[in-house]
Amino acid sequence: MSIQLKYNDNYSEVYGDTYINKMNYLVKAITEYKTGSNYFNVFNFETGLGKSFTVDRVLSKLINELWNNEQKFLIVKKFNDESIKSVNFIQEESLFVKDSALAITHENWSEYRFKLDYIHRTKFVYISHQRYIALCENEELRKEIIKGRDTLIIDEKILFPVYTYNDKRYIKILELVPHGLRDSLTKVCKPLNDFIALHQTLKHTNKVFKPKFKIHPATLNNFINDIKVALENRTISQTENRNSVIDFINELQLFYSNSQCAYNSGNISTHNPKHNHWGLDNNIILDASAMIDGTYFCNPEKFKILNQTRIIDHKGCSFNVIKFNSAKSKVMKYSKKYFTEMAQRIKDNQKETDKVLIVGHKDFAGKIHNELIQLYKEEDIWIDKSDKENDADYNDQSVAISWYGNLVGKNWAGDFTQVWLISTPNIPLEQYLIHFLHYSDDKLGNKSTEVIKGKYKNRYFKAIQKGYVAAEMYQSLKRIQRSAKPKGDFYIVSNDEELVSDILSQIKNAEIKNEIELDFVKAEQEEKEQEKQINKKPDQVDMFIEYILSEKKGIYKKSDIANQLKISKINRVLLDTRVKILINKRLEIHTRNIQIL
């Protein structure tokens, strides 16, 4: 029996059957399609369209109206609170069957890990992205969780972890391990440290390498065993320190195993080969930015993008581009001037009724906050939660500061009227190669890692690099004005026209209204131009022409003119178009002399 949902909301009022048919296409894919366990249908419904709520509704309909439906679902959400919200909706809407949905979280896992039979009986089980990744590493437990289930729905793209080793990491672990194990740590890290030291000496900052590291198994195993003894004896105390050391020894094994590594600018990164997509009989990924995120294109057989045209009309919005290279290194170079001016512009452009979302690198949250509190009351500004347990929730402040990677799947800024993307979410160059490994089911092999002007030449790596940045910025832009008729102001700081074009291509009727130059940049450019004019060396051709026009008629030696005007190659000056205009009118050129007429 085919399921159709009825809609009576703002989207159906504005967009009618176009919207309703789109949502019911998703319903059909959930209830009728079969992809096979190693294949995924990727739907790029635009953000704010209500795809997650549609999933909740169709699951509720299955439990209320189609009692004989035997499908069982595993739903993967980015955050546990979103899972809990969905479970509560299904439970509240269930007319007859209670306890049909369960959200497995960090808080309740200690209970449900011993109630696998209960999990097997539950029709809808929700887990987080983090738990999905953990199940990659535990096949036995994964089989228990998915037992009897046939449909997997992954809400938002899974970002598998990237493991990175560098000098900073080494020094931190050196400080944490007992003194008696520091020589062993140095020995076990020597191949990694030597590789980093070599390429830093050679100044290979813009090159990416694919190193392989070897170590005698006994050296590594002895070190790991010694660390385990130190942990058991509580020689390494404090939970945070213990977790840091445990993570380190687990990751160290990846660098020396068959895992593939990538190096750039002091960082060695790798992955866990077990981290890849696993599925059921029918697998669905909901990712609004799929068409601009290059990872799916690296494995088109596994990930089939079912492209969805955009329907939400943004002609009532204002899109503004601030022309500045907002890469992290560039922003840091001009840190004080940049954040001071950005804070002032945000203040100047905020109307009384506006609610403003500011998004950038996490490291920049404090910097922009420090400038904003010079212009606002501190209670009017909220910084997103770093500590989810202890930091305050958003409480209707007029300005909110968040960061990339922390907003996808969250809707608390849906009624905001302005968003400012104050930096570009670039990640270290070598990490794009690790994302390729996560999604491609392929190896780095002999693929070129050449980088030209900061961008990969290889088409797969380049697609991932471009797509990662564009997708993150698109998702952040679309956190505000999540309505059928959005009317907001969108500000993007970037001088990359291709990047801006990619982002706006995903937003219907998004047109750039203003291109803005920063005042401090204009001031610096004017200052440089003034210095250039002051220090400008006179043009040798102009000097020569001025000399000819000012001298009396007569014959002059070329060598005397060259010495007087300090012209090194006078014959080259005589070939200039401006000089040729004067020949036979004001001068004649001879082998060694010049005659002024």
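Begin by selecting helix H1 (residues 10-31) together with helix H2 (residues 51-65), whose axes come within 10 Å and cross at roughly 55°. The model on screen is a predicted one. Since an angle that is neither under 35 degrees, nor over 145, nor from 65 to 115 counts as oblique, H1 and H2 are therefore oblique to each other. The crossing in which H1 passes H2 is right-handed. To see the contact itself, show the side chains of Met23, Leu26, Val27, Ile30 and Thr31 on H1, which meet Lys51, Thr54, Val55, Val58 and Leu62 on H2. Coloured by class, the residues of this contact divide into 7 nonpolar, 2 polar and 1 charged.

Next, move to a second pair of helices, helix H8 (residues 167-176) and helix H11 (residues 239-256), which pack with their axes 10 Å apart and at an angle of about 125°. That angle makes H8 oblique to H11, and the crossing of the two is left-handed. On the H8 side, select Arg169, Lys172, Ile173 and Leu176, and on the H11 side Asn241, Ser244, Val245, Asp247, Phe248 and Glu251, for these are the residues that meet. By class, the contact of H8 with H11 contains 4 nonpolar, 2 polar and 4 charged residues.

Keep H11 in view and add the open sheet of 3 strands, which has the order E6-E8-E7 and antiparallel pairing. Its edge strands are E6 (163-165) and E7 (261-264), each of which pairs on one side only, and the twist from one strand to the next averages 25°. Within this sheet, E7 and strand E8 (residues 267-270) are joined in the antiparallel sense by 4 bridges; to find one of the paired positions, select Asn264, whose bridge partner in E8 is Asn267. H11 lies across E6, E7 and E8 and runs at about 90° to E6. Helix H15 (residues 431-440) also lies across E6, E7 and E8, but runs at about 5° to E8.

Now select Ile224, which lies in helix H10 (residues 217-232). Is this residue, Ile224, buried or exposed? With a relative accessible area of 6%, Ile224 falls under the 20% cut-off, and Ile224 is therefore buried. Leaving aside residues up to four places away in sequence, Ile224 touches Ile249 and Gln253. A distance drawn between the C-alpha atoms of Ile224 and Ile249 comes to 6.5 Å, although the two are 25 residues apart in sequence.

For the last stop, select strand E15 (residues 418-421), from which Gln418 and Trp420 point one way while Val419 and Leu421 point the other way, and all of them are buried. In a regular strand the side chains alternate between the two faces of the sheet. Which strands, then, pair with E15? Strand E12 (residues 356-360) pairs with E15 in the parallel sense over 4 bridges, and strand E18 (residues 489-493) is likewise joined to E15 by 4 bridges and runs parallel to it. Gln418 is a convenient residue to centre on here, as the bridge partner of Val356 in E15 is Gln418, and Gln418 also stands opposite Asp489 in E18.

Definitions and conventions: Residues numbered from 1 in each chain as written. Predicted model: local features only at pLDDT ≥ 70, side-chain atom pairs only at ≥ 80, totals over all residues. Heavy atoms only, no water. Buried < 20%, exposed > 50% of the residue type's maximum accessible area, 1.4 Å probe, protein only. Pairing = 2+ DSSP bridges. Axes fitted to C-alpha atoms, helices over the stretch in contact; angles between N-to-C directions. Left-handed = near helix turned anticlockwise from the far one by under 90°. Contact = heavy atoms within 4.5 Å. Nonpolar A, V, L, I, M, F, W, Y, C, P; charged D, E, K, R; others polar.
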